[in-house]
Amino acid sequence: MKRVLSGIQPTADSFHLGNYLGAIRQWVALQDSHDAFYCVVDLHAITVDVDPKILTERTLTSVAQLIALGLDPNRCTIFVQSQVSAHNQLGWVMECLAGFGEASRMTQFKDKSQKAGADRTTVGLFTYPLLQAADIMLYGANLVPVGEDQRQHVELTRDLGQRFNTRYGETLVIPEAQIMKAGAKINDLQDPSAKMSKSAASQAGVIDILDEANVNIKKIKSAVTDMGKEIRFDEKEKPGISNLLTILSHLGGKSIPALEAEFAGSGYGDFKMAVANTVADYFAPVRTRTQQLLTERSELLAIIEAGAKKAEVVASDTLARVYANMGLLPRHR
């Protein structure tokens, strides 16, 4: 089987609906057709200030949610980035391969550094894509499922991998970006022109998976729509209704044309309530399972430890070949 790798940052107390439909749901499907490695990238989360206790809890909560959402440790490898030291070591090699201008052209770095200002922008944020390249190449990933906004980072990874192989011999697998379906893109409930994001100025339009049902029901009932009455999919003229139709279709298992027919003649209030109830029912068992894992932590910690051991075997082998081909002395294990 081809190997697939992807990761998610523990930068919020809960994943949101966009995380699930835009990425995690596809990860669940890929674990049956690929040798799948999924990583909670906690080292990437410290490019900005974060309270240590909060980071610990968010990391554990992230792993618990991934399991509750359908990732099976018996069918994939789930691990935490910082528990495999080879990430930092290959990250340094990638930094020594990359040019300063090459790294500075990364769109996300330019956007974030402009917002924060030079004095508040860490070197870690600048080298973030290089550590990300190491994350991918350590595991010989053939495919990296990402959103369109991460395509540039995968292209950098490919460039660095090919550069290494040219200089030091065929060592690293060159990955392909698997751009996830645009149809799964979920927008903010209060600003349907913007992608649902944990960095949104207001969380009123963000559906957090671990929130109580009544919280998310209220958010959906307050979602921005339009002045019309017809429930139909038209992203240009009716972005709010189109966004809600997308959510209901993905979670309810019905096509958008079928939903348009079902709600023909219905008011926005009834339609929103149907969306809200579907969201609440879908994520109720996920919330319960996540809380169970966090309360009875022995199972969760055992899964994390086992995942780290499986990841370490693959990562150490890759790093040993990288070091040997570069002329670095063998590591003592």
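This report covers the salt bridges of a predicted model and the setting of one histidine.

**Salt bridges**

Side chains of opposite charge can pair when their charged atoms come close. The structure holds 15 salt bridges. Three of the pairs are set out below, each with its N to O distance.

| Pair | N to O distance | Location of each partner |
|---|---|---|
| Asp13 and Arg58 | 2.9 Å | Asp13 in the loop between β1 (3–8) and α1; Arg58 in helix α2 (residues 52–68) |
| Arg297 and Glu57 | 2.7 Å | Arg297 in helix α12 (residues 297–326); Glu57 in helix α2 |
| Glu176 and Arg158 | 3.3 Å | Glu176 in strand β5 (residues 176–179); Arg158 in helix α7 (residues 151–168) |

Take Asp13 and Arg58, whose side chains meet in a salt bridge. Asp13 sits in a loop and Arg58 in helix α2, so the pair ties together parts that are 45 residues apart in sequence. Asp13 counts as exposed, because its relative accessibility is 55% and the exposed class begins over 50%.

Helix α2 also holds Glu57. This residue forms a salt bridge with Arg297. The partners lie 240 residues apart, so the pair links distant parts of the chain, helix α12 and helix α2. Both ends are partly exposed. Arg297 has a relative accessible area of 28%. Glu57 has a relative accessible area of 35%.

Glu176 and Arg158 join a strand to a helix. Their side chains meet in a salt bridge, with Glu176 in β5 and Arg158 in α7, 18 residues apart. The two ends fall into separate accessibility classes. Glu176 is partly exposed at 42% relative accessibility. Arg158 is buried, because its relative accessible area is 17% and the buried class lies under 20%.

Salt bridges also occur here as a network. Asp32, Asp72 and Arg75 are linked in this way.

**His34**

His34 lies in the loop between α1 (17–30) and β2 (35–40). Is this loop residue buried or exposed? His34 counts as buried, because its relative accessibility is 13% and the cut-off is under 20%.

Which residues does His34 contact, leaving aside its neighbours within four places in sequence? They are Met1, Lys2, Val4 and Leu143. Val4 belongs to β1, which spans 3–8.

Terms used: Residues are numbered from 1 along each chain as its sequence is written. This is a predicted model: local features need pLDDT of at least 70, side-chain atom pairs count only at pLDDT 80 or more; totals for chains, interfaces and linings use all residues. Side-chain values use heavy atoms; hydrogens and water are left out. Helices (H or I, at least four residues) and strands (E, at least two) are DSSP runs, numbered from the N terminus. Buried means under 20% relative accessible area, exposed over 50%, partly exposed in between (1.4 Å probe, protein chains only). Contact means heavy atoms within 4.5 Å. A salt bridge is a side-chain nitrogen of Lys or Arg within 4 Å of a carboxyl oxygen of Asp or Glu.
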